[in-house]
Amino acid sequence: MKSLNELTFTEARRLLKSGDVSSVDVTKACLKQIASLNGALNVFLEVYEDEALEAADRSDARRLDGKTLGPLDGLPIALKDNILYQGRRCTSGSKILESYIAPCDATVTRKLKEGGAVILGKTNMDEFAMGSSTEYSAYGATKHPRDPERVPGGSSGGSAAAVASSMCLAALGSDTGGSIRQPAAFCGVVGLKPTYGRVSRSGLVAMASSLDQIGPLTKNVEDAATLLELLQGVDSADQTTAIEEDFTAIEREDLKGVKIGLPRQAWGNGISDGVREDTEQAIKDLESLGATITEIDLPFAEESLAVYYVLMPCEVSANLSRFDGMRYGLRMQNLPLFETYAASRAHGLGTEVKRRILLGTFALSRGYYDAYYVQAKKVQTLIKRAYESAFQEIDIIVTPTAPTTAFKIGEKTNDPLEMYLEDIFTVGANVAGLPAVSLPCGNHEGLPVGLQFIGNWFREDKLLSVAGAYEKFVAMRPRI
Amino acid sequence: MSLKREDVKHLADLARLELSEDETRMAEKELDSILKYVDRLQKIDTAEVEPYAMPSKSTGWRKDEFSACDEAATELILSNFPERESGLLSVPPVFETPKK
């Protein structure tokens, strides 16, 4: 028998409906798990114990009245600390926002509240979502739930670890280059980055606005679909939200007639042995479910990481210019204007953030703008075209989520490029704006391995139905 | 492309970032290795290619209309000011000779 904090949405809903269990019970179970593990793992930066229990109590009252707000009513969820929650601290993992209080709710926070979800607290993250390990948080690294000497991935490492260790039923993260999918892979949970434009980013602390997307980290595909149904939609506060048919989850049992493409560029070198073994087994599983597997060519796909490491720092340097010590955050006192800016930023921002600001400043500066920024935007067009033509032939692209399993704390902090290579399989979906999901597909030496499914633009329905069929198949397979 | 110490200092000025000598030296080395990696883009022929634009399905432009926020939000915005005088943001003097 599972503890209440280990339940999926569907399981929790069934118990709530039966009246055997209350939202307060489920919330208490999560809070208890947080209390026992957070000291060791550093997953939550803040926990709203009293408010969460009050929200759970209100949900229980609604249920008794037969006025449940929807499928998430009464279910405890965590927020990554770059998502605004009115009246609560929002640090984005940075010292410069140590005392910043969110003046309003992010659109996704409002939607969760309106859906009756119980918000448990804020999870740790790499500073301003820049990193692949959560080691770049100004509030200390989050530890991997299965091995505290290892990282949970990043930048949504706190959210992934929270779901993996059942401190909550699900969590929200943000994904600019892989920040939902890579930690989901490392921690053995499901992580979905929706199509660019599917979910509003209003109230998300911006990193690289042409790439940022909010999405769920959950225990299974069905729960990710449930959250996406709630979070999606046009928002006048985010001009990139798309006028597009709403996503509705569909289920399928097998993969007959589904064409899966394996990009030659992704399945070459650079995958660690353990990851290769499990992901290649997963391809065999997909085949036995009836899918047709073909090797495909994605020209320029291997340039995605280079494009990303030009465009993202450019946008970072512009977006983070607002942290200047003037309107909010840390301000160094009694200095002339220029020094106030420079010293406030120097004291408030971490090494990785400074590095990306400098890189972006360079790529946007006079004499280099065309060679770096504009050239990267042009190669981005070529990458998008490659995906467009691939999706004329196939339905879903499959790759490993990350080249390795969870690495040791400190293993990659000395070499920025080494850390950046963690994003090699995930950035393509951001550069092209495609939806992608990471699913657990095995374990190597006790650490989870993730498999990434990439879908066509706004086809999360197909993406999640294929991923769901695979997930069911794996769950049925006898464990060796 | 390769960056020199002076280039890094100039970038830090442009970005309004105070860097220690150590940080400048580290940045010089690290930016260099990242630039070497992204320089692979220079080899790609993009003569006939347009820069990537926003996806066509986005809602696009809207009127810039004033919308007031509630009192609670106003108070939170004001309380986030590093320094304030009643309802106003207080900043250091801005009329000084620019550094560069």
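## Backbone oddities

B:R16 lies in the loop that runs between α1 and α2 of chain B. Keep in mind that this is a predicted model. The phi of B:R16 is positive, at about 55 degrees, even though the residue is not a glycine. How accessible is B:R16? With 33% relative accessibility, B:R16 goes down as partly exposed, since the partly exposed class sits between 20% and 50%.

Chain A has a similar case to look at. A:E445, again not a glycine, has a positive phi of about 50 degrees. You'll find A:E445 in the loop between β10 (436-444) and β11 of chain A. A:E445 comes out at 71% relative accessibility, so it counts as exposed. For context, most residues other than glycine have a negative phi, and most peptide bonds are trans.

On the trans point, there is a cis bond to check too. The peptide bond going from A:G154 to A:S155 is cis, and its omega is near 10 degrees. A:S155 belongs to the loop between β3 (118-123) and α5 (157-164) of chain A.

## Aromatic pairs

Now for the rings. Searching the whole structure over all chains turns up 13 aromatic pairs. One of them joins A:Y308 and A:Y309, with 4.9 Å from centre to centre and 85 degrees between the planes, an edge-to-face arrangement. Are these two tyrosines, A:Y308 and A:Y309, buried or exposed? Both A:Y308 and A:Y309 are buried.

Another pair is made by A:F391 and A:W457. Their ring centres are 6.4 Å apart and their planes meet at 70 degrees, so this pair is edge-to-face as well; the pairing cut-off is 6.5 Å, and planes over 60 degrees apart get the edge-to-face label. This pair ties together distant parts of the chain, with 66 residues separating the partners. A:F391 comes from helix α12 (residues 370-393) of chain A, while A:W457 comes from the loop between β11 (447-454) and α15 (460-476) of chain A. A:F391 and A:W457 are both buried.

There is also an aromatic cluster, formed by A:Y100, A:F128, A:F323 and A:Y328.

## Charges over rings

Two contacts between a charge and a ring are worth a look in the viewer. In one, A:R88 puts its charged end over the ring of A:Y85, at 4.2 Å from the ring centre. In the other, the charged end of A:K412 is placed over the ring of A:F407, with 4.8 Å to the centre.

## Where chain B meets chain A

How many residues does each chain bring to the contact? Chain B supplies 57 residues and chain A supplies 72. The size of an interface is often given as the accessible area lost when the parts come together. Here, about 5,500 Å² is buried between chain B and chain A, with carbon and sulfur atoms giving 66% of that. On the chain B side, B:L41, B:Y52 and B:N80 lose the most area to chain A, together making up 14% of what that side buries.

As for polar features, 5 salt bridges are counted between chain B and chain A. One of the salt bridges between side chains pairs B:E23 with A:K354, at 2.9 Å from N to O. The count of residue pairs in polar contact between the two chains is 23, with both residues at pLDDT 80 or more. Which elements of chain B give two or more residues to the side that touches chain A? They are α1 (5-14), α2 (21-38) and α3 (71-79) of chain B. The biggest giver is α2(B), with 9 residues on that side.

Notes: Residues numbered from 1 in each chain as written. Chains lettered and ligands numbered in written order. Heavy atoms only, no water. Phe/Tyr/Trp six-rings, centres within 6.5 Å; stacked < 30°, edge-to-face > 60°. Buried < 20%, exposed > 50% of the residue type's maximum accessible area, 1.4 Å probe, protein only. Helix = DSSP H or I, 4+ residues; strand = E, 2+ residues; numbered from the N terminus. Lys NZ or Arg CZ within 6 Å of the ring centre and 35° of its normal. Contact = heavy atoms within 4.5 Å. Buried area = accessible area lost by both parts, 1.4 Å probe. Salt bridge = Lys/Arg side-chain N within 4 Å of Asp/Glu carboxyl O. Polar contact = N/O pair within 3.5 Å; in protein donor to acceptor, adjacent residues only side chain to side chain.
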